[in-house]
Amino acid sequence: MELLASIGGASGSFLSYVVPFLFVLTLVVFFHELGHFLVGRWCGVTVETFSIGFGRELVGWTDKKGTRWKIGWLPLGGYVKFLGDSSAASTPDRESMNKLDEAARANTLHAKTVGQRAAVVAAGPFANFLLSIVLFAGIFMIVGQTITAARVDEVKPDSAALEAGFQTGDIIRSIDGQKIEGFNDMQRIVAMSAGVPLSVTVERDGEMLTLAATPRATEITDRFGNEQKIGILGIGRNIEKDEVEHVRYGPVTALWKGVEETWFVVARTGEYLGGMVMGQQDTSQLGGPLRIAQVSGQVATIGFDALINLAAILSVSIGLLNLLPIPMLDGGHLLFYAVEAVRGRPLGEQAQEIGFRIGLAFVMMLMVFATWNDLVNLRVVEFFSNLLS
């Protein structure tokens, strides 16, 4: 009985991570591929397969137009395969295309105009951004937002804030031109800007002043025991109950705030990726599937709204990642199409093949690197031991 109880407890703990992870990832991947699918059909492209997950099919069905909808056994992504594709990355299969009759060949992605192909490819990331906007808007409308004035009640000694000239009583109005509505807005911008100079506008005794501040990279431990490096200014806030305001927004305002929130994540993610390439950001913060699984499980304990918020952030990240100009990714296809539009003809098959191989190698290295970060940073042995304890 003790052994059965142990197994049951391990199973429950394991599912507490896996179920939220699968929910978040499936939601994001489904809408990404749905973007490709809908625009592809709109452009008259025959869709052979719509898959959530990779590998052997677990369950599936075929719709009236011949598209096979299926779920694969490895739920770490998904793909849409068009007629004439040799793989899930939409590389052209010249041999199979040559066997098609003229009518069928006209319905392949590669027979469409450059503009139509670009629209089909861009639709995936666009769907991710649209999903994020809708999810964020739903949170603002249904759950609402807690707002506390961004007032400085304490400037810690030997801190970046003290060096920048912050004083007790300052009210932070904007950072790098972005309006600050509450203390939380200031905190998250600072947290994602370790080592990055910021232009902070504060109100002091009725006057507006601009301070130059650079948050210091500081390693902290969050409520779940995860260690991470974030930016810290060294500002304290003493919150009184009557200073906290909870606001729910109407549909129009919530939608606009959803756009703002999505753009914030896009901008900060872009800054991080750029800083990582330039060697200015800590690459250990880059995570893979294991970290997403862990964070999903932890966030799910806070509440369903927090899990939806994570899905919105992840959707932005996946949309942005796919726009990188790397062959195999959507951005790589768009790069090839841009070259084709300028040249008036596509790149040669050999050049495209080399590009796809380089892209595949880069994506594989990125996956290995992210997974290695997961194994090191998450102390994966300890993580799975806890699941089984």
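**Aromatic pairs and a four-stranded sheet**

F304 is exposed, because its relative accessible area of 56% is over the 50% mark. This value, like those that follow, comes from a predicted model. F23 has a relative accessible area of 33%, which lies between the 20% and 50% marks, so this residue counts as partly exposed.

These two residues also meet as partners. The count of aromatic pairs comes to 9. In one of them, the ring centres of F23 and F304 lie 5.8 Å apart. Their planes make an angle of 50°, so the pair is tilted, being neither under 30 degrees nor over 60. F23 belongs to helix α1 (residues 2-42) and F304 to helix α9 (residues 304-322). With their positions 281 residues apart in the sequence, the two rings link distant parts of the chain.

F140 and Y249 offer a second example, with ring centres 6.0 Å apart. Here the planes stand at 80°, so this pair is edge-to-face. F140 sits in helix α4 (residues 114-143), while Y249 is found in the loop between β12 (244-247) and α7 (251-277). The pair therefore ties together parts that are 109 residues apart in sequence. Both F140 and Y249 are buried. The ring of F140 has a charged companion too: the charged end of K257 sits over this ring, 5.3 Å from its centre.

Another charge over a ring is found at F264, where R188 lies over the face at 4.0 Å from the ring centre. Elsewhere, F30, F31, F37, F50, W61 and W69 come together as one aromatic cluster.

Attention now turns to the strands. Strands of a sheet pair through backbone hydrogen bonds, in a parallel or antiparallel sense. One open sheet has 4 strands, arranged in the order β6-β5-β7-β8 with antiparallel pairing. At its edges stand β6 (178-179) and β8 (207-213). Each of these has a single partner strand, so one side of each is left without a neighbour in the sheet. Further in, β5 (residues 171-175) pairs with β7 over 4 bridges, in the antiparallel sense. Within this pairing, I172 stands opposite V202 of β7.

The loop between α6 (183-191) and β7 (198-204) holds P197. This proline has a relative accessible area of 59%, so it is exposed. Leaving aside residues up to four places away in sequence, P197 touches D176, A213 and T214. P197 and D176 are 21 residues apart along the chain, and their C-alpha atoms are separated by 9.4 Å.

Technical notes. Residues are numbered from 1 along each chain as its sequence is written. This is a predicted model: local features need pLDDT of at least 70, side-chain atom pairs count only at pLDDT 80 or more; totals for chains, interfaces and linings use all residues. Side-chain values use heavy atoms; hydrogens and water are left out. Rings of Phe, Tyr and Trp (its six-membered ring) pair if their centres lie within 6.5 Å; planes under 30 degrees apart count as stacked, over 60 as edge-to-face and the rest as tilted. Helices (H or I, at least four residues) and strands (E, at least two) are DSSP runs, numbered from the N terminus. Buried means under 20% relative accessible area, exposed over 50%, partly exposed in between (1.4 Å probe, protein chains only). A charge sits over a ring if NZ of Lys or CZ of Arg is within 6 Å of the ring centre and within 35 degrees of the ring normal. Contact means heavy atoms within 4.5 Å. Two strands pair if DSSP finds at least two bridges between them.
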